[in-house]
Amino acid sequence: MSGAGKKAVDVAFKAGKSIDWDGMAKLLVSEEARKEFATLRRAFDEVNNALQTKFSLEPEPIDWEYYRKGIGSRLVDMYKEAYDSIEIPKYVDTVTPQYKPKFEALLVELKEAEEKSLKESERLEKEIAEVQELKRKISTMTADEYFEKHPEVKKKFDDEIRNDNWGY
């Protein structure tokens with residue numbers, strides 16, 4: 001196997017080992033997200049499997065003597081000479097340096113979005129708790145208790161009364 005091919009297989013194998021698929025799956029909320037995530041994982045596993053099987057195998061050495069017996073040495077020697085003269089060029093990665101900065105920028109953007117999302121989730125959890133508390137207490141709550149928690153509503157009512165605007 002060529003050095004670049006083996007390196008790609010090793011990187012893909014290590015990447016597959018370091019991904020916490022179960023941890024990421026626990027963070028998904030919607031059914032659509034779970035389906036997309038399952039599709040992504042399946043595609044990753046297929047590519048990783050292809051890299052492991054196709055590119056990790058060394059080619060079988062050619063048994064030139066076997067062919068010399070069946071075909072004749074002159075023709076086989078000609079093919080062997082042509083086969084030995086083939087030089088497979090080394091793969092030079094010119095793509096990764098172009099996309100690595102873009103990928104790093106996306107990772108930073110992802111972290112910012114994650115932080116923003118966590119803050120928003122926290123805010124929504126508090127709001128849900130407040131609404132549930134209000135729902136529990138609303139049947140026994142007085143107007144003054146409600147206005148104490150929601151002064152903007154009290155101000156709106158006071159303005160309507162003061163301006164003689166009764167909503168109709």
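## A tour of the helices, starting at Phe44

Select Phe44 to begin: Phe44 is partly exposed, with a relative accessible area of 24%. Here buried means under 20% relative accessible area, exposed over 50%, and partly exposed in between (1.4 Å probe, protein chains only). Before moving on, please note that this is a predicted model, in which local features need pLDDT of at least 70, side-chain atom pairs count only at pLDDT 80 or more, and totals for chains, interfaces and linings use all residues. Residues are numbered from 1 along each chain as its sequence is written, and side-chain values use heavy atoms, with hydrogens and water left out.

**Stop 1: the ring next door.** Now add Trp21, which is buried, with a relative accessible area of 9%. Trp21 and Phe44 make a tilted aromatic pair, 5.5 Å centre to centre with 55 degrees between the planes. Rings of Phe, Tyr and Trp (its six-membered ring) pair if their centres lie within 6.5 Å; planes under 30 degrees apart count as stacked, over 60 as edge-to-face and the rest as tilted. Trp21 sits in helix H2 (residues 21-27) and Phe44 in helix H3 (residues 31-54), so this pair ties together parts that are 23 residues apart in sequence. Add Phe37 as well, and you have one aromatic cluster of Trp21, Phe37 and Phe44.

**Stop 2: along H3.** Select the whole of H3, whose 24 residues reach 34 Å from the first C-alpha to the last, close to the 34 Å expected at 1.5 Å a residue. The expected span is 1.5 Å times one less than the number of residues. Which residues are buried in H3? Look for Phe37, Asn48 and Leu51.

**Stop 3: two helices crossing.** Show helix H4 (residues 64-71) and helix H5 (residues 73-85), whose axes come within 7 Å and cross at roughly 145 degrees. Axes are lines fitted to C-alpha atoms, for helices over the stretch in contact, and angles run from 0 to 180 degrees between N-to-C directions. From H4, Trp64, Tyr67, Arg68 and Ile71 meet residues of H5, among them Leu75, Val76 and Tyr79; contact means heavy atoms within 4.5 Å. The residues of this contact of H4 with H5 divide into 7 nonpolar, 1 polar and 3 charged. For that split, Ala, Val, Leu, Ile, Met, Phe, Trp, Tyr, Cys and Pro count as nonpolar, Asp, Glu, Lys and Arg as charged, and the others, Gly among them, as polar.

**Stop 4: H6.** Helix H6 (residues 96-137) has 42 residues and reaches 59 Å between its first and last C-alpha, close to the 62 Å expected at 1.5 Å a residue. How many of its 42 residues are buried? The count is 0, so H6 is hardly covered.

**Stop 5: H8 and just beyond.** In helix H8 (residues 151-162), the end C-alpha atoms are 16 Å apart, which agrees with the 16 Å that its 12 residues should span. Just after H8, click on Asp164, which takes a positive phi of about 60 degrees.

**Last stop: the whole chain.** Zoom out to see 8 helices and 0 strands. Helices (H or I, at least four residues) and strands (E, at least two) are DSSP runs, numbered from the N terminus. Of the 168 residues of the protein chain, 7% count as buried.
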